[in-house]
Structure formats: structure tokens, C-alpha cells
Amino acid sequence: RRQTVMAPTRRAAAPSRTPPPPAKKPKTGTTSPGAVKTEEDKWVDVKPEPKSPTPPGKVLRGKKSSHRSAIVKPETPTTNKGIVRSETKPPDSPYPNLERPTPEECWCARDSLAQLHAAFFRHKEQAQEDGSNQLGPGNLGTALPKLALPGATATATATSALPSTETPYTTLHGVSTSVGMIGTSMPTIKPVLDSLVGTILSQNTTDATSAIAFANLKRAFPSWEEVRLSKPAPIELAVKCGGLATIKVARIQIILNTLHQERGEASLEYLREMDDESVKKELSRFKGVGPKTISCVLMFCLKRPDFPVDAHVWKIALSLGWIPKSASRDTAYTHLNRRVPDACKFDLHVLLVEHGKVFKNDVGFIRKATAEQLGGGSIPGGDDKKQTPGWMELLEQPGGIKDRADTYFFTKSGKSVCG
């Protein structure tokens with residue numbers, strides 16, 4: 001019988017336990033030129049690791065790092081995008097290569113429009129001569145609180161009941177020959193909160209209608225504390241004629257509650273002590289308070305050199321070539337505030353708005369008057385055709401543009417759509 005003999009198995013030889021080479025200190029630079037690197041030396045050249053801003057720690061997958069700062073949710077709603085951040089100076093123009101309007105263009109436009117809209121401009125000057133700030137939204141005017149009635153027909157009722165010495169403009173802005181505001185010893189100072197709320201109510205409606213809404217609000221709720229504590233429905237009823245009542249009232253009450261929570265009272269008078277950039281930062285945190293609204297508060301109420309850009313100013317600036325065709329109202333605001341001289345901002349703004357209302361944003365007169373004042377030549381975007389008669393002659397024509405501007409002021413000024 002054949003017997004199978006299994007060969008004895010051999011245990012694999014244990015690997016030699018040769019001690020590894022001594023650890024080398026990693027280099028943080030590159031290998032010196034000319035040095036020969038071996039396979040064992042490849043690991044030596046390493047890049048310096050960036051220093052961690054926080055102490056190293058084990059972060060589990062799917063877990064948030066414990067050293068990350070917690071996100072603090074603001075107490076009040078904020079706008080989707082800010083306007084002007086708090087800096088040492090305003091931001092540069094979004095169109096740094098566009099050197100228009102020039103200061104000369106601004107002053108020429110202001111001077112020619114002041115002559116075209118002479119009746120309007122005269123009343124504007126009278127409204128400011130005592131140092132008051134009664135122009136702009138948030139003003140109760142003179143006869144308006146007594147004449148305004150709730151409802152859609154309030155505008156027509158107020159206008160038809162005006163004394164012969166009143167105009168829609170004098171009613172809105174408190175310049176009146178029948179009510180002695182001019183020449184009084186104490187100027188009428190409009191509270192900052194009145195200006196802000198009045199400007200919010202003026203959004204997407206007419207000047208006259210928003211003034212009626214504001215007057216109705218103040219008559220129903222004499223103090224802002226009453227507005228803050230009231231249920232929304234009665235407030236919405238008071239401002240219903242201005243449109244978007246639900247949205248506007250909600251935003252106004254958020255502002256009032258925030259101010260009461262932070263400062264113990266519904267007041268914005270502390271803004272008078274702030275610089276322009278701080279005011280913009282403070283107000284821009286509220287939803288529905290954008291660049292144009294803030295700029296109106298700065299210019300009309302705080303009497304700062306700011307230049308609001310509403311629909312009329314924006315369209316006229318586009319037609320004159322002062323801003324690119326692609327400019328939004330926000331970028332136009334930033335650019336024009338850098339270009340328009342401070343001393344010219346208030347007059348030029350109110351005159352452009354009035355001109356836009358009367359002549360449907362047509363710029364023919366502005367372009368003509370500016371070109372002739374600057375030396376008789378044309379300006380970029382202008383018409384090189386024969387320019388006769390001159391702009392001064394146009395003002396003297398019977399039944400011409402000046403009569404049209406004066407007629408509008410005495411019958412309709414303040415009634416067109418706000419920007």
C-alpha cells in the first residue's frame with residue numbers, strides 16, 4: 001500500500017523588524033537647487049499648512065463645528081439689499097467713467113427750470129424762508145386736515161373746497177395766504193417720524209392722496225403710541241385712500257414697535273444727531289424703507305444735501321444722458337449724489353419732479369436751455385438742429401410753456417404719481 005506523505009509546511013519567515021529611519025523635521029520650503037532627492041525623501045518637501053483661525057478639534061460629519069459663531073437673527077425685518085453702508089465717505093459712483101452731469105449742467109438746469117416754473121419755485125422758497133421743514137411728505141399742510149374726507153373722492157372734495165388764494169401745492173406744503181404760517185416767530189419743525197411715515201404712505205400713489213391719507217391717520221390717531229398699540233384694521237381704514245394699506249400699515253407698526261423696544265418711545269428724533277451715512281444705515285434696516293424713502297427724509301426733513309431719485313428724476317436723467325440707459329434707480333441715486341453739487345440738490349430735485357409732472361418728463365426745454373447757457377453749443381445727446389427761438393424767448397411766448405407750467409401749478413400741482 002502506497003502511503004502519501006505530506007510535506008512539512010514551512011512557516012513564513014517573519015519580516016525583519018528593521019527600525020525605520022529616524023524622523024526628519026519637515027521642511028516648509030522647497031528643496032535647495034542641486035540637491036538629489038531619493039524615494040525616501042519625497043515626503044520631506046511639504047507645503048506649510050494654513051493656520052486655523054480656531055483651535056483644532058474633531059468635527060463630526062454632518063455636525064456643525066462647535067467653534068463657528070452663531071447666526072444672530074435681527075429683531076426687525078431688513079430690506080433684501082442695503083443701500084449705503086456706514087463708511088467714512090459715500091461709495092464711489094457705479095459709473096466712474098461717466099463725468100455727467102457736470103456742475104455747470106446742474107446749475108443751468110436749475111436756473112432755467114426755476115424761471116419756467118416760477119410760481120412753483122416762489123412758493124417753494126416761501127415755505128423755507130422761516131427755517132421750517134414743511135416741504136415733502138408727512139406734513140399736515142394748512143387747509144388739508146379740515147377739507148380732507150375719507151374715501152376715494154377726497155382729493156376732488158378738497159380741491160373744490162379750496163379758498164381762492166390756495167393751490168393744491170400750498171395746501172399740501174403749508175404755504176398759505178389765508179393761514180399765517182409765513183413770517184411767524186417760530187418755524188414749524190416736522191418730526192422725523194412724521195416724515196418717514198408720510199414718505200411710506202406716498203409710495204405708489206399721488207402726492208395729494210398720500211397727504212390725505214396722512215392727515216386721516218393723524219386725525220384718527222393723534223400720537224404714534226396710539227398707532228403702535230392699535231389693531232391694524234382701524235389704521236388701514238384711515239389710510240385706505242392711499243392704496244396698499246395692509247402692507248404699509250404692517251411696516252409702519254413694525255417700525256414703531258422696534259423703536260419702542262429699543263429706545264422706550266416711538267421717536268426718530270435721535271437721527272438729527274447722526275451723520276448722513278449713519279442715518280442711512282439706521283433706516284435701511286426696516287423693510288420697505290429704501291434709498292428713495294431715506295433720501296426724502298434726509299433732504300426734506302433733516303435738510304441734508306441729498307438727492308432723491310424718484311420716477312421723474314430717473315427718467316429725465318436717462319433722457320439727458322446723465323446716467324446710462326441700463327441704470328436702475330438705486331445706481332442712479334448713487335451716481336447723481338456724487339455728481340450734483342450739494343448746494344444745488346434740493347432745488348434741482350423739486351424742480352425736476354415738478355417739470356416731470358407738467359411736461360411728462362420731456363427734456364427738450366432742459367436740453368435747449370442748458371446748451372445755450374453753456375455757450376450756444378450742443379451737449380451730448382442733444383439736437384444739433386437750428387435752435388431758434390432761444391429758451392428765454394420760449395418763456396415769453398403767450399400761451400406757451402410758461403403759461404402751461406403756471407396753470408398746472410394753480411390747478412393740479414402735487415397730484416401726479418409719486419416715485
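Trainee: Why is F214 called buried or exposed in this structure?

Mentor: F214 has a relative accessibility of 1%, and buried means under 20% relative accessible area, exposed over 50% and partly exposed in between (1.4 Å probe, protein chains only), so F214 counts as buried. This is a predicted model, in which local features need pLDDT of at least 70 and side-chain atom pairs count only at pLDDT 80 or more, while totals for chains, interfaces and linings use all residues. Residues are numbered from 1 along each chain as its sequence is written, and side-chain values use heavy atoms, with hydrogens and water left out.

Trainee: How many aromatic pairs are there?

Mentor: The count comes to five aromatic pairs. Rings of Phe, Tyr and Trp (its six-membered ring) pair if their centres lie within 6.5 Å; planes under 30 degrees apart count as stacked, over 60 as edge-to-face and the rest as tilted.

Trainee: What makes the pair of F214 and W224 tilted?

Mentor: The planes of F214 and W224 stand at 50°, with the ring centres 6.5 Å apart, so this pair is tilted. W224 is buried as well, because its relative accessible area is 8%.

Trainee: Why is the pair of F409 and F410 called edge-to-face?

Mentor: The angle between their planes is 70° and the centres are 5.0 Å apart; because planes over 60 degrees apart count as edge-to-face, F409 and F410 form an edge-to-face pair.

Trainee: How do you know whether F409 and F410 are buried or partly exposed?

Mentor: F409 has a relative accessible area of 1%, so F409 is buried. F410, at 43% relative accessibility, counts as partly exposed.
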